[in-house]
Amino acid sequence: MSSEQVYEMLWDCKYCGTKKLLGKTHRFCPNCGAPQDDEARYFPSDDEKVAVKDHVFYGADVICPNCDTLNSANSQFCQQCGTPLTDAKKAELVSDDQVIRDGEKFESTGPRDIAQERYEQKLEAAGLTPKSKPKSRRGNLGLIAILGGIGLVIVFALVAIFWKRETTAYVTGHSWTREISIEEFAPRAQNAWCDAMPSDAYSVSRRSEVRSYRQIPDGEECSTRRVDNGDGTFSERRECRTKYRDEPVYDNMCYFTVNRWGYERSARAAGESLKEQPYWPDTQIRQTGTCIGCEREGQRNADYLVHFRADQDEYTCNLDQPQWDSIPLESTWTFKVGVITNQPDCSTLARAG
Ligand SMILES: [Zn+2]
Ligand SMILES: [Zn+2]
């Protein structure tokens, strides 16, 4: 739904200083006779605005290529000098629409400083400054600070990852751990939406809970927009759109018990030297099969660590078993170390000498 009202734009005469002249009525300054300048037009405040009755809109004014006088879009020759207006340039519009919410009042956008605007447009086109309002400049400074901060963090992270030095170290020891997780088949409390409950669930209880939200229309939100028509007038349009609120949608949540496999405990074996071959721990499984209280083996994990010393620093590499096996005690190796993190890059391990 929109309704439209038409009002006069305002302009200030830059020759004699007369202010708040009417865009449609005063094509020339009533004081000194100077022609209106399309680029001097601005929106009035609510108290200043003058309605245009029975407005006929032909399009934005055109500018006489010979004498710069503004002419209505429906005229064929300049009313001032008679030059044909066939290829005449269109009047410039106030580019930013004004918008207010219900209950607010429009303020005048005030006389425009064309020279300043041009200067800023040129700077902007050349990429020298962002939009020039002080408010947005502060916003941009904040943004630049944030981007700069993120950039610094990224640079620091990259340096931490890639800045490395080479070190020479000797092997001070070996260690290993092997671990098996053990699962148990047991009753487990779970919950799910009742339409997705497993078929072997038992001891079921239901509860009504919010499953999703539905959007319900909840009145209108209206604003008024001012648009420069370019012929010395502007239109005020009322624009409304439907507001929505979230309404919860309830469904049945089922709380139940099911018999399932799940992690119960871990069995672990560990050693400290190359002499003892790594072995898997005894899992001591109680009872196999699928009964309540039955157990089975789950995931296996193994770590094979070699410990190094270089001057004051100690390093540890987690290797695969064949490589771990092939590194003798007290042998000397080179590898890269992060300058900032002091973490070894074990993929660069190489026998020294
Ligand atoms: Zn004047
Ligand atoms: Zn002319």
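A residue counts as buried under 20% relative accessible area, exposed over 50%, and partly exposed in between (1.4 Å probe, protein chains only). By that rule Cys 67 is partly exposed, because its relative accessible area is 27%. Cys 64 is buried, because its value is 0%. This is a predicted model, where local features need pLDDT of at least 70 and side-chain atom pairs pLDDT 80 or more, while totals for chains, interfaces and linings use all residues. Residues are numbered from 1 along each chain, ligands are numbered from 1 in the order written, and side-chain values use heavy atoms, without hydrogens and water.

Both cysteines hold a metal. Cys 64, Cys 67, Cys 78 and Cys 81 are the protein donors of the zinc ion (ligand 2), each through SG, lying 2.3 Å from it. Donors are N, O and S atoms within 2.8 Å of the metal (3.2 Å for Na, K and Ca). Along the chain, the donors of this zinc ion are spaced C-x2-C-x10-C-x2-C. The site is tetrahedral, with angles of 103 to 115° among the four donor atoms. Four donors earn that word if all angles lie between 85 and 135 degrees. The ideal tetrahedral angle is 109.5 degrees.

Now look at the strands. Strands are DSSP runs (E, at least two residues), numbered from the N terminus. Two strands pair if DSSP finds at least two bridges between them. Three of them form an open antiparallel sheet in the order S5-S4-S6. Strands S5 (70-71) and S6 (89-90) are its edges, each pairing on one side only. Two bridges join S4 (residues 62-63) to S6. Ile 63 has Lys 89 as its bridge partner in S6.

How values were computed. Tetrahedral: all angles 85-135°; square planar, octahedral: opposite > 155°, others 65-115°. Helix = DSSP H or I, 4+ residues; strand = E, 2+ residues; numbered from the N terminus.
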